Structures are given as structure tokens and as C-alpha cells.
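Colleague: I would like to learn how to read the pockets and cavities of a model. Could you take me through a case?

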Amino acid sequence: MRSKKITAVICIFCIVFTINSIAVFGESRYTSYIVSVLDTLSDNDASCSSTEQQQVNGVYRMAQLLEVLVKEYDSSDGSYADQADQIMDTLAAQDSICEGEPQQLSNGLYRCVELLELLCRELDSWGIYKTYINNVMETWNRLDESSENADQQAVNGISRIVQLLRTAAYSLDSHLLYDDAIDTVMDWFIKYSQNDESTDQQMKVGTEAMVLLLRIIADEIDEAGAYSEFIDDLMDRYVNADHKNNAGKATVSGLYTSVQLLATIASIADQ
């Protein structure tokens, strides 16, 4: 019980820090909504009675922030924004019929895959990664059909999220400064995701890779370095959190840190 309480306090402190940091940099189109998502993360965390509930809380907030990013980067006639709305409608509809946290987790991760697909297509203005994105989505559908339970679906979802974040990171690396860092994360992810047989460990590896890629993306778009100190502090807290020997808590920490990184990315994009 003591360990869980310490983890929750660390998470909530970081959430409050994120909210305050976003507020400092001024009000833009989505600022109020981004802050409300972080408020919801914090409020729901206080009422969660298990790591499974915390994981659902984290991934649902991720979906909300990915929706914001899709709309911020929508350079079309608004069709991507409309598709994002439909995905969020699906999230809510599926949530209403989920029988428990494992199904809710896979629901949230699957919607994040769909939102990230839209974002990657928006960022890939020259179509360089079109074939790769198509292959990721085909793999996602194929593995979903062969999944025997919600836990396997969740692993499928987090793995595709990592692959799509790789694409987003490459697309945003306009100065070719982060190629090696992206490749290092992906090599690590492939190595350890193949070695881990349990779904809990695969989720832990996937969320860690997700955090590392989101940190790269945050650095890429924060060209002025306005958020660099905050991002460094957030990553230090994530790395030093007392969760390494508990896969469930490590996944919660990874999801919560990802929410805060996505909030930071969305705030920068909204300036």
C-alpha cells in the first residue's frame, strides 16, 4: 500500500506541474481543453483503486490529446478533424459496452492507433512513409484478428503506437538531428519486446519506448527550448520513479508520463 501511495503522489505532482507549466506559456486555442484533460487525469487517478484502472485513465487521456494534435496539424479541408471526432465517438461507444479494465485498455490503445495513423499521414506531407504506415495498419488488423483476449489486443495496440510514433518522429526531424536517437529507441524496443513473453512485460517495454519517442518529438518541435527544462525534469522523475520491479506500475508511470508529454507537445503546437 505504501509503495502505491508514493507512486500516486509522484504522478499527481507531475500532473500539477504540467498544468502550471502550460498556463505560464499563455492561452491559445486548445489551452483550456488541454488543461481540462490533465485535470481529469489527476481527478480520476485519485479515485482509482488499482493499476488497471490507472492504465485506462492514462490511455483515455492520451486519446483526447492525440485528437487535439490531429486537429492542430489538419491542413486538409477538415476531413482529418472529422475522422478524429468519429474515432472519439467510437471510444465512447465501445467504453459503454466494455466488461472491464482489460477491454477498456485495448479500446483506448486501439483508438490511439487510429488517431496516430491520421497524425502520421498529416505530418508525412510528401508521402515518404505512406507504405510504412499502411503496413503498420495492416499488421494491426491482422494481429487483432488472431488475438485471443484483451491483453493480447493491448500489446498489439501499444506496439503499433510505438511504430507510428517512430514515423511521426522521423517526419518532424526536419534538421536530421534525431535519426540516431530514434533508431536507438526502436532497436531497444524490438530487442526487449521479442524477449518478453508475458503481456505485462510487453506493455512495460512498449510504454517505455513510447515515452522515449514522445520525448524526442517534444524536443523536435520545441525548437526555441522554452519547455526544455520542464521536459528534462519530467523525464528525470519518470526514470527515477520506484516502479522498475512492478510491470503494472511501470506501465501506469509510462502512460501518465506520455499524457504529460502529449500535453506539452500539443501546447507547443498550439502556440
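Modeller: What follows goes from the overall fold to the open pockets, an enclosed cavity, the cysteines and one backbone angle. Keep in mind that this is a predicted model.

Colleague: Let us start with the fold. How many helices and strands does the chain have?

Modeller: The chain has 11 helices and 0 strands. Along the sequence the pattern is therefore a run of α elements, written α-α-α-α-α-α-α-α-α-α-α, since helices and strands are taken as DSSP runs numbered from the N terminus.

Colleague: What share of the residues is buried, and what share of the contacts joins residues at least 24 apart?

Modeller: Of the 271 residues, 53% count as buried. For contacts between residues at least 6 apart in sequence, 74% join residues at least 24 apart. The accessible surface of the chain is about 12400 Å², and carbon and sulfur atoms hold 48% of that surface.

Colleague: Now the pockets. What is the volume of the largest pocket, and which residues lie nearest its centre?

Modeller: A pocket is an open set of grid points, whereas a cavity is one from which the probe cannot get out. Here the largest pocket holds about 420 Å³ of space. Its lining has 18 residues, with L143, V155, S159, R160 and Q202 nearest the centre. Two or more lining residues come from each of α6 (130-146), α7 (150-172), α8 (179-195) and α9 (199-221). The largest share, 7 residues, is from α7.

Colleague: How do the lining residues of the largest pocket divide by class?

Modeller: There are 7 nonpolar, 10 polar and 1 charged in that lining.

Colleague: And the second largest pocket: what is its volume, and what lines it?

Modeller: The volume of the second largest pocket is about 230 Å³. Of its 15 lining residues, E52, Q55, L105, D151 and D200 lie nearest the centre. At least two residues each are supplied by α3 (51-72), α5 (101-123), α7, α9 and α11 (247-269). The most comes from α3, with 4 residues. By class, this lining has 6 nonpolar, 5 polar and 4 charged residues.

Colleague: Turn to the enclosed spaces. How many cavities of 30 Å³ or more are there?

Modeller: The structure holds 3 cavities of 30 Å³ or more. Take the second largest cavity, with a volume of about 90 Å³. It is lined by 14 residues, and L69, L119, L172, I217 and I265 lie nearest its centre. The elements giving two or more residues to this lining are α3, α5, α7, α9 and α11.

Colleague: Which classes of residue line the second largest cavity?

Modeller: The lining has 14 nonpolar residues, with no polar and no charged ones.

Colleague: Next, the cysteines. How many disulfides are counted, and are C48 and C112 buried or exposed?

Modeller: A disulfide needs a pair of cysteine sulfur atoms within 2.5 Å. By this rule the count is 0 disulfides. For burial, the cut-off is under 20% relative accessible area. C48 counts as buried because its relative accessible area is 15%. C112 is also buried, with a value of 0%.

Colleague: Last, the backbone. What is notable about the phi of L176, and where does L176 lie?

Modeller: L176 has a positive phi of about 55° although it is not a glycine. This residue sits in the loop between α7 and α8. Exposed means over 50% relative accessible area, so L176, at 63%, counts as exposed.

Conventions: Residues are numbered from 1 along each chain as its sequence is written. This is a predicted model: local features need pLDDT of at least 70, side-chain atom pairs count only at pLDDT 80 or more; totals for chains, interfaces and linings use all residues. Side-chain values use heavy atoms; hydrogens and water are left out. On a 1 Å grid over the protein atoms alone, a cavity is a set of points where a 1.4 Å probe fits but cannot get out, and a pocket is an open set with protein on both sides within 12 Å along at least five of seven lines; lining residues have an atom within 4 Å of a point. Grid points are joined across faces, edges and corners, and a volume is the space filled by probe spheres set on the points. Ala, Val, Leu, Ile, Met, Phe, Trp, Tyr, Cys and Pro count as nonpolar, Asp, Glu, Lys and Arg as charged, and the others, Gly among them, as polar. Buried means under 20% relative accessible area, exposed over 50%, partly exposed in between (1.4 Å probe, protein chains only). Contact means heavy atoms within 4.5 Å. Accessible areas come from the Shrake-Rupley method with a 1.4 Å probe; for residues, only the protein chains shown count as cover.
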